[in-house]
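Biologist: Could you walk me through this model, starting with how the parts fit together and then going on to the charged pairs?

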Amino acid sequence: MTPAGGAYDAVIIGGGHNGLVCAAMLGRSGKRVVIVEAASKLGGAATSGEFAPGFTVSSCAHILNQLHPKVSRALDLSRHGLKLSTARMGTIALAPGGRHLTFEGALMVNEAVNGAGEVLSQRDLSSLSRLRRRLLRFAGLLHDFQATVPPRLDATSWRDGLGLARLGWAVRRLGRDDMRELLRIAGSNIADVLNDELDSDLLKGAIGLDAVLGTGLGPRSPNSVFTLLYRLSGRVGGVPGALALPEGGMGAVTDAMAAAAKANRVDIRTACPVKSIVVEEDRAVGVELESGEVIRAHAVVSNADAKTTCLDLLGARHLDTGFVRRVKGIRARGTAAKLHLALDGLPRFSGLEARDLGRRLLIAPSLDYVELAFNPCKYGEYSPAPAMEITIPSIHDTSLAPPGKHVLSAVVQYAPYDLKGGWQAAKDGFMDRIMDILSAYAPDLADRVVARELLTPEDLEQRHRLPGGHWHHGELALDQLYMMRPVAGAAQYAAPVPGLYLCGAGSHPGGGVMGAAGMNAAAQVIKGGKQS
Ligand SMILES: Cc1cc2nc3c(=O)[nH]c(=O)nc-3n(C[C@H](O)[C@H](O)[C@H](O)COP(=O)(O)OP(=O)(O)OC[C@H]3O[C@@H](n4cnc5c(N)ncnc54)[C@H](O)[C@@H]3O)c2cc1C
């Protein structure tokens, strides 16, 4: 199917949130665009789903903290239906004995509130405030570069030279002390930084977990400072590091993006898996669907990860061996599972009031706890005592569960993609361990469960075509960032084959429901950007 008058200007492989943003931006500039999504619904890893009759939950991503303001402004997402059920979700770091640590607003942003729980020492309060200011300054730098196209590594053009100079200048502008500090800690591990500055185990455990959520790192792994900065680079309503929940779950974000795309005359087709990218005279000229249908377009833009796009859909024969080697080397092994519980009422967490359960709850009582949870994962085993990020979104949004009932959504770490012996045999045992840990904090939880769903990285890969079940289509590591993301030779969104572009989380700046990769890729397609 082609539009009247010939081929589309662009065909987008995949209707994840980045594909939708890219399509909407291209449509807005007057291009004729079609999205072909393999799944029966749009959204990729940013969807909502009914996992038990009457109970709906965000199927993968559950907290909205990284949506780039330029994306929401350009697509006017609120006009297209996006509403938040809460824009300032607090956090509670759960303590086994019930002396929890409560934060108003975002962790690391507002002062800690002590209430009846853990009381931070004056030293911790002032160190936290200093540390927070510094980390947010560094995270602000990342934020500014997320909506830009990285320069080429070999910087041959004036534009690339300018990009590199801008980066250098932005770091220099931090001032001598901050610049030194950034260079000192950027590649280092969050445990060392927190141990240098803070005393409270609960506080350090909570920040440590935030640093490693969705990554293949523990708090003592190099690079875990960077991953914390990445998480803190997000803003909600202009507040850095704030956490929000979309009304209707994460699918409401992609519904609004799809509405923006349709308003810009984008054609959207679901249940249309792409089998291959069609190449003629060394140029990508369209896609062939698994049904055999061919859709021709002047540009092919892939929201799928770089390995799938380049090796499976395009084929290594169209690429030089050095590039193929780099693509094969992309590390994307997920370590996070997703738990959904349907509850016949609100559970009781020891030491918490019902009103506290609307905050994000963390099970990460110390850095050692998180590191010990990480250890087995290095050897292909799941954590017997996993760390967790828990939300009960139905407290803020009654549309998610029948009256009086609730849904619980949790990210559970660590659950390695390549589990020794395979997930089929191990899943029930892991589920039991998770319930044991949760029950230690909420003794009546197990009795309230009417349905449950656990998605391992293997399930996430199969259901959502997420390679390795990895959040970001590729680890956020210093060697897989910026002008090396997904790999050198494709970091400006254009692949080495003319007419082919990448627009997903595997490209700069990375994953999270941000939309920046889709927005930046659209700008390159409009410019006719090439990889030279
Ligand atoms: C368990 C989990 C929890 C997370 N939690 C959070 C969170 O709380 N907050 C947050 O901001 N982020 C979170 N993330 C990360 C976030 O969800 C992802 O980084 C982001 O959604 C990736 O978006 P994307 O559009 O780049 O790619 P994807 O969402 O992966 O979309 C790619 C799309 O391409 C389609 N596709 C692939 N191959 C083909 C083909 N051959 N033909 C047609 N279509 C194809 C796929 O079906 C998919 O729809 C989480 C991720 C996971 C897995």
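What follows is a conversation about the domains, their interface, one loop residue and the salt bridges.

Modeller: Before anything else, this is a predicted model, in which local features need pLDDT of at least 70 and side-chain atom pairs count only at pLDDT 80 or more, while totals for chains, interfaces and linings use all residues. Residues are numbered from 1 along each chain as its sequence is written, and side-chain values use heavy atoms, with hydrogens and water left out.

Biologist: Fine, so which stretches make up domain 1 and domain 2?

Modeller: The domain assignment gives 8–47 + 250–330 + 486–527 as domain 1 and 48–65 + 86–246 + 332–465 as domain 2; bounds of this kind come from an automatic or database domain assignment. The centres of the two domains, taken over C-alpha atoms, are separated by 28 Å.

Biologist: And how many residues of each are in contact?

Modeller: On the domain 1 side there are 26 residues in contact with 25 residues of domain 2, where contact means heavy atoms within 4.5 Å. The area buried between the domains is about 1900 Å², with carbon and sulfur atoms giving 55% of it; buried area is the accessible area (1.4 Å probe) that two parts lose on being put together, summed over both.

Biologist: Which three residues supply the most on the domain 1 side?

Modeller: Those are Thr47, Met250 and Gln492, which supply 30% of the area that domain 1 buries against domain 2, more than any other three residues.

Biologist: How many salt bridges and polar contacts cross over?

Modeller: The rule finds 0 salt bridges across that interface, a salt bridge being a side-chain nitrogen of Lys or Arg within 4 Å of a carboxyl oxygen of Asp or Glu. There are, however, 15 residue pairs in polar contact between the domains, both residues at pLDDT 80 or more. A polar contact is a pair of N or O atoms within 3.5 Å; within protein, one must be able to donate a hydrogen and the other to accept it, and residues adjacent in sequence count only if both atoms are side-chain atoms.

Biologist: Which element gives the most to that side of domain 1?

Modeller: Helix 16 does, with 5 residues; helix 9 (251–263) and helix 16 (516–527) are the elements that give two or more. Helices (H or I, at least four residues) and strands (E, at least two) are DSSP runs, numbered from the N terminus.

Biologist: Changing topic, why does Asn223 count as buried?

Modeller: Asn223 counts as buried because its relative accessible area is 6%, and buried means under 20%, exposed over 50% and partly exposed in between (1.4 Å probe, protein chains only). Asn223 lies in the loop between helix 7 (201–212) and helix 8 (224–232), and, leaving aside neighbours within four places in sequence, its contacts include Ala186, Leu217 and Leu476.

Biologist: Now the charged pairs: how many salt bridges are there in the whole structure?

Modeller: The search finds 25. One of the pairs is Arg134 and Glu181, at 3.3 Å from N to O, which links helix 3 (residues 122–146) to helix 5 (residues 176–185). Both Arg134 and Glu181 are buried, and they are linked with Arg184 and Glu197 in a network of salt bridges.

Biologist: Is the Arg231 and Glu389 pair buried or exposed?

Modeller: Both Arg231 and Glu389 are buried, and their side chains meet in a salt bridge at 2.9 Å, N to O. Arg231 belongs to helix 8 and Glu389 to strand 18 (residues 387–391), 158 residues apart.
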